[in-house]
Amino acid sequence: MIRKYPYLCSPIQIGNVTLRNRMASAPTGGTDMTPEGGIGRRSTAFFELKAKGGASVVTVSEVVVHPETDASPNFHLDAVTPGLLGGFAYTADAVRRHGAIASLELSHGGRYGALRSNTPKYGPSPEKLPGEPEVYELSTGQISDIVAAYGQVAGLAKRAGYEMLMLHGGHGWLINQFLTERHNKRADAYGGSLEKRCRFALEVIESVRAAVGPGFPIEFRISAKESIDGGYGLDTAVEISKIIEPYIDMLHVSAGSHHIGFTITHPSAFTGHGPNVYLAEEIKKHVKIPVATVGALGDPAKMEEIVASGRADVIYMARSLIADPYFPRKIAENRDEDIVTCLRCFSCNFERGKTSTRRCALNPMIGREIEGFEVQPAAKPRKVMVAGGGPGGMEAALTAAQRGHETILCEKKDRLGGIMNCEEGVPFKEAMFKYPKTMERLLRAEGVDIRLNTTVTADYAEKENADVLICAIGSDEIVPPLPGIDGANVVRVQDKYARRAEIGQSVAILGGGIAGCEAALCLADEGKTVSIVEMRDDLAVDANELYRDALLSRLDGRVEIKSGCTATRVGPDGLYYTAPGSGEELLKADTVILAAGQRARSFDASALLDAAPRVFLIGDCVTAKDITTAVYQGYHAALDV
Ligand SMILES: Cc1cc2nc3c(=O)[nH]c(=O)nc-3n(C[C@H](O)[C@H](O)[C@H](O)COP(=O)(O)OP(=O)(O)OC[C@H]3O[C@@H](n4cnc5c(N)ncnc54)[C@H](O)[C@@H]3O)c2cc1C
Ligand SMILES: Cc1cc2nc3c(=O)[nH]c(=O)nc-3n(C[C@H](O)[C@H](O)[C@H](O)COP(=O)(O)O)c2cc1C
Ligand code: SF4
């Protein structure tokens with residue numbers, strides 16, 4: 001067979017193991033732990049799914065090596081706590097039985113270990129920053145203990161069946177703290193010159209090597225630029241790489257530091273594809289060992305080019321393999337067009353922080369791998385009609401068809417996608433706009449009868465005589481009853497692409513929720529003068545805080561913001577509003593964008609409640625919310641048929 005992506009599918013030797021392809025699963029862990037800090041069964045199943053999906057390496061993460069000085073809420077591994085070693089062994093086995101290499105990530109949080117707990121924080125040097133806990137300097141005795149602990153855990157990992165180890169030397173954790181002058185102010189053998197700042201990393205590697213023996217692959221994750229005040233850049237990262245190269249088997253090039261939050265370590269939707277590739281490429285020029293890269297990688301053609309051109313040897317993916325764990329297998333089978341592309345919406349990271357569980361906006365199985373929710377053939381195939389072709393309806397129809405039900409998907413408009421279609425032309429929502437196209441391919445492949453330009457009414461559904469109706473008819477925009485709101489100068493946020501020719505140079509946006517802020521950014525990027533009027537005191541308050549931070553930092557200083565203000569009317573000259581305690585004022589604008597939120601189509605949905613023997617209501621037509629909810633409810637309605 002001729003593979004479409006021969007470089008991505010080619011094996012590579014790392015130490016004494018062979019990776020079956022160049023697509024590896026980056027660490028995505030610290031979730032679903034047993035009370036002792038062991039790997040929970042859902043986590044094992046989560047990592048197993050990546051192996052089943054074809055990844056060459058599955059990195060199980062992340063293990064706190066020295067709990068005495070690091071209270072990070074991550075996995076623990078020791079030989080004495082009952083259940084710990086066995087749990088790790090079962091997980092390694094679950095990965096290996098699908099032909100993937102099981103790798104374990106070892107880490108120490110240092111000054112950022114368990115920031116929210118009141119345990120003492122240790123780092124290379126003492127520090128007290130406003131609003132942060134005090135950091136105590138590690139003594140040389142404590143350093144020796146931590147170095148020894150790395151070796152002990154590495155030995156246990158090998159005993160448990162791991163065939164590779166990743167040492168986390170980036171993202172602002174302890175090894176990185178020693179590497180950077182920003183945090184390492186020591187005057188002893190561990191600080192000062194770059195060689196001395198590398199000493200801790202080298203001792204850790206040496207300790208691990210002594211435990212696992214020659215040839216056992218040790219991978220070192222490095223931030224190739226920290227992007228923090230006083231931090232190091234690529235030149236220093238190259239020097240660090242050269243110093244540690246002789247002792248490791250692969251460099252894993254990431255970027256950023258938790259010192260400044262998440263958006264460089266976890267590139268947001270506002271970043272282009274593979275922002276760290278140029279860093280890997282530069283480091284690769286200076287070392288002989290294989291170099292991996294990570295960060296916002298998910299476009300198969302671009303990934304192939306990265307490996308083919310030798311800019312990096314291995315591509316690691318975290319979120320792309322959460323959204324679609326079968327990504328590598330689809331690449332191998334030349335089915336790249338069936339890959340569900342990650343939205344980089346941060347729902348997964350947010351859920352981890354909020355509830356310590358896993359969830360993905362597009363993949364309802366994530367975090368629920370052992371609940372018995374896999375798609376199974378239905379005992380009795382039925383006729384299922386789905387009303388509404390948004391994300392909820394598409395997911396419901398796909399799942400119903402995969403279970404063997406005769407499935408009809410009706411969409412009122414001339415294309416599938418629902419609200420997602422309003423992201424046309426928005427660069428940072430490209431994946432969201434692409435999603436319905438992927439789903440349409442999958443729906444057609446499952447034989448779903450897709451009926452566009454078809455509005456489901458009670459009569460229509462009854463005539464079709466379906467056993468089940470899944471109603472996914474979405475929401476309507478909220479139109480505040482303001483004078484002038486029907487004017488020709490008012491454009492619904494959902495129509496900003498379709499009516500782009502009518503949008504003038506100056507724009508006032510009525511509503512500073514997620515949709516309003518995204519529209520503001522998009523229009524500001526096009527060079528327009530943009531202002532927002534928002535009733536609440538803050539913008540995008542319904543967004544998860546990681547996405548919100550990324551979005552608002554892009555808006556910062558580029559858009560005039562009137563929060564805590566109420567729009568009063570639209571005039572030919574712009575949007576009028578009142579601020580607390582003052583009279584009506586005008587935001588001059590050629591165009592007003594209406595982004596006042598969505599309201600469930602409950603009335604239309606209730607008219608369909610008796611249109612079939614069994615009726616499910618899902619997604620925005622129940623409560624206008626988000627894609628995660630619509631997809632999850634769509635999937636489960638179809639499982640319940
Ligand atoms: C501008 C904007 C940006 C957004 N961005 C995000 C985001 O980044 N992340 C996120 O999680 N959420 C986002 N949301 C919310 C998200 O889009 C919705 O929660 C999600 O689309 C709901 O999916 P759904 O399938 O329930 O409804 P919809 O996407 O609204 O789809 C409903 C579909 O049903 C069709 N329909 C209606 N009546 C009938 C009928 N009687 N018969 C047949 N078809 C019918 C409609 O034409 C539509 O295609 C955004 C919302 C807006 C307005
Ligand atoms: C849910 C989630 C959990 C993560 N957990 C870890 C972790 O435990 N250790 C780690 O080094 N990186 C972790 N990361 C970071 C990823 O390994 C990766 O560096 C980052 O997400 C960028 O890659 P991506 O764009 O392919 O997602 C996590 C990422 C996500 C999305
Ligand atoms: S939750 Fe969002 S960012 Fe995370 S994997 Fe799923 S689609 Fe990607």
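**Exercise 1. Work out how strand β14 sits in its sheet, starting from its pairing with β15.**

Strand β14 (residues 383-387) pairs with strand β15 (residues 406-410) in the parallel sense, over 5 bridges. Strands here are DSSP runs of E of at least two residues, helices are runs of H or I of at least four, and both are numbered from the N terminus. Two strands pair if DSSP finds at least two bridges between them.

Before going on, some bookkeeping: this is a predicted model, where local features need pLDDT of at least 70, side-chain atom pairs count only at pLDDT 80 or more, and totals for chains, interfaces and linings use all residues. Residues are numbered from 1 along each chain as its sequence is written, while chains are lettered from A and ligands numbered from 1 in the order in which they are written.

Step 1: pick out one bridge. A387 has C410 in β15 as its bridge partner.

Step 2: widen the view. The open sheet has 5 strands in the order β16-β15-β14-β17-β28, with parallel pairing. β16 (449-451) and β28 (614-617) stand at the edges with a single partner strand each, so one side of each has no neighbour in the sheet.

Step 3: get the twist. On average, neighbouring strands of this sheet are turned by 15° against each other, direction ignored. Axes are lines fitted to C-alpha atoms (for helices, over the stretch in contact), and angles run from 0 to 180 degrees between N-to-C directions.

**Exercise 2. Lay out the sheet that holds β19, β26, β20, β21 and β22, and find the helix that packs on it.**

Step 1: the order is β19-β26-β20-β21-β22, an open sheet of 5 strands with parallel pairing. Its edge strands, β19 (490-492) and β22 (560-563), each pair on one side only. From one strand to the next, the twist averages 20°.

Step 2: zoom in on β20 (residues 506-510) and β26 (residues 591-594), which pair in the parallel sense over 4 bridges. Here V507 stands opposite T591 in β26.

Step 3: add the helix. Helix α16 (residues 514-525) packs on the sheet and touches β20, β21 (529-534) and β26. Contact means that the C-beta atoms of two residues, placed from the backbone, lie within 7 Å. The direction of α16 makes about 170° with that of β21.

**Exercise 3. Describe how α7 and α8 pack.**

Step 1: α7 (residues 234-244) and α8 (residues 277-284) pack at about 45°, with their axes 10 Å apart. That makes α7 oblique to α8 (under 35 degrees is roughly parallel, over 145 roughly antiparallel, 65 to 115 roughly perpendicular, and the rest oblique).

Step 2: list the contact. L234, A237, V238 and S241 in α7 meet L279, E282 and I283 in α8. By class, these residues are 5 nonpolar, 1 polar and 1 charged. Nonpolar covers Ala, Val, Leu, Ile, Met, Phe, Trp, Tyr, Cys and Pro, charged covers Asp, Glu, Lys and Arg, and the others, Gly among them, are polar.

**Exercise 4. Which residues surround ligand 2 and ligand 3?**

Step 1: ligand 2 has 23 residues around it, with A26, P27, S61, A318 and R319 the closest. A residue counts as near if its C-beta atom, placed from the backbone, lies within 6 Å. The shell of ligand 2 splits into 9 nonpolar, 10 polar and 4 charged residues. α12 gives the most to this shell, 3 residues.

Step 2: ligand 3 is surrounded by 13 residues, the closest being I322, C342, S347, C348 and C360. Two or more residues come from each of α10 (319-323) and α12 (347-355). Its shell holds 10 nonpolar, 1 polar and 2 charged residues.
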